[in-house]
Structures are given as structure tokens and as C-alpha cells.
Amino acid sequence: MSYTIFQSICAAALLAGSACATPALPDSSVAAGAVRDALTVRPAVPAAPSAAQQAAQNRAAAIASTQAVREPVALTPIRGKTAIARSTAYNSVPGQTDATPFITATGTRTRPGVVALSRDLLRVFPYGTRVTIEDLSGRYNSMLRGRVFMVEDTMAARKTNSVDIWMPTRTEALNWGARQIRITAVR
């Protein structure tokens, strides 16, 4: 409280017939010590990580080391089974999917590089198979060249010999249209 505010409160109290006392302040050496302690920079003592934190750091380091060693699959593909199929594209819209439009049949989230196969093709290329796609018309080969897709979704039971490529937008899916493609497993 500032001194002028204190004076005006005391003046009002005296007019009302009450006494007013000056508040007690600490000794100046106590105040100086408190200021000195507040301004003193002390080095922080790092806390030892808990067992859970240490285990999490070890797991993160192990994952980082395995990812750094891994080479891209598309650079040295070893070709496996091949099929020629009809290809369409889809995106995460409830009208084009089931009640969970962003979740694939394997339980992962939809993302670029995910493909859905008809049930007959799933017997040849099971879930988790890495595949390359070649557009037989040649129109989209520059976009598909070097890309490896992952089989993580399935199509409706009525579809046969079909591949559905996930696209982020409806416009991209419509631009893809329907076309003949060659799907090849990459080992």
C-alpha cells in the first residue's frame, strides 16, 4: 500500500472518530537480504531420470538407430507376384467408406501410400505387403514411379480384381478415375 493511500485512509478514520496506526515494516536488513536472495543466480541441479524415463529414452534411441540403418525399399526392389487389375481412388468420406472413414481394415490411419484391395487380390497380396503400381495407360507413371504402397485396407465384398488407392482429397480421387494398372509385390 502506498503512503498517500495510507494517509487518506487514516484521515477518513480520524474523521469517523477512530484511531489510525502506522503499519509495522520489517527491518531494512531483512528486506535487503530477501532482495539479495531473490537476485542470486543459483545453478540448477539436474534431477536424475527415473527408471521409466530412462527406459523411454533407451527405446527412443533404439528406434532411431534402426530407422537410420534402414534403406528405402524402392531403391533396390526385388520383384514378386504381379497382377493386372482395375484401379480406382478413394478418400476418407463416410459415403465412400464404412462408419470409420479414417481407419483402415488393419486398424491403421489412412495416409498417402495406403491401398485397398478386393478380397480376391488379398489372397495374392495379403495385408502388410509392399507393392508398386504401374499405370498401364502411362498417364500417371511419373507420379507412381519409385513409390511403394502398403496393402492395409480392403474393398467391399462385391468388388473383384480391383485396387483402390487412398488420396487425401476428393478432387485427386476423381482425377485418378478408373484405369488399368499393374500391381507388383516388392520383397
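# Reading strands, rings and confidence

Q: In which sense do strand E3 (residues 130-135) and strand E4 (residues 149-154) pair, and over how many bridges?
A: In general, the strands of a sheet pair through backbone hydrogen bonds, and they do so either in parallel or in antiparallel fashion. In this structure, which is a predicted model, strands E3 and E4 take the antiparallel sense and are joined over two bridges. One residue to look at is Arg-130, whose bridge partner in E4 is Met-150.

Q: What do the six strands form, and in which order do they run?
A: The strands make a closed barrel in the order E1-E5-E2-E4-E3-E6, and the pairing within this barrel is mixed. From one strand to the next, the twist averages 50°. For the wider setting, the protein has six helices and six strands, and these elements follow one another from the N terminus as α-α-α-β-β-α-β-α-β-β-α-β.

Q: Is Thr-88 buried or exposed?
A: Thr-88, which is found in strand E1 (residues 79-90), has a relative accessible area of 18%, and because the cut-off for a buried residue is under 20%, Thr-88 counts as buried. Leaving aside residues up to four places away in sequence, Thr-88 touches Met-155, Val-163, Asp-164, Ile-165, Trp-176, Gly-177 and Ala-178. The C-alpha atoms of Thr-88 and Ile-181 are separated by 9.6 Å, although these two residues are 93 residues apart along the chain. Across the protein, buried residues make up 28% of the 187 residues, and, of the contacts between residues at least 6 apart in sequence, 76% join residues at least 24 apart.

Q: How many aromatic pairs are there, and which residue lies over the face of Trp-176?
A: As a general idea, a pair of aromatic rings is described by the distance of the centres and the angle of the planes. Here the count of aromatic pairs comes to zero. Trp-176, one of the residues that Thr-88 touches, does have Arg-179 over its face, at 4.9 Å from the ring centre.

Q: Where is confidence lowest, and where is it highest?
A: The general caution is that, where pLDDT is low, the predicted coordinates should not be read in detail. The average pLDDT of this protein is 77, and 70% of the residues score at least 70. Confidence is lowest in helix H1 (residues 3-15), with a mean of 60, whereas strand E2 (residues 114-117) has the highest, at 92. Over residues 68-76 the pLDDT is below 50, and in the model this stretch has six contacts beyond near neighbours in sequence.

Terms used: Residues are numbered from 1 along each chain as its sequence is written. This is a predicted model: local features need pLDDT of at least 70, side-chain atom pairs count only at pLDDT 80 or more; totals for chains, interfaces and linings use all residues. Side-chain values use heavy atoms; hydrogens and water are left out. Two strands pair if DSSP finds at least two bridges between them. Helices (H or I, at least four residues) and strands (E, at least two) are DSSP runs, numbered from the N terminus. Axes are lines fitted to C-alpha atoms, for helices over the stretch in contact, and angles run from 0 to 180 degrees between N-to-C directions. Rings of Phe, Tyr and Trp (its six-membered ring) pair if their centres lie within 6.5 Å; planes under 30 degrees apart count as stacked, over 60 as edge-to-face and the rest as tilted. A charge sits over a ring if NZ of Lys or CZ of Arg is within 6 Å of the ring centre and within 35 degrees of the ring normal. pLDDT is the predictor's confidence in each residue, from 0 to 100. Contact means heavy atoms within 4.5 Å. Buried means under 20% relative accessible area, exposed over 50%, partly exposed in between (1.4 Å probe, protein chains only).
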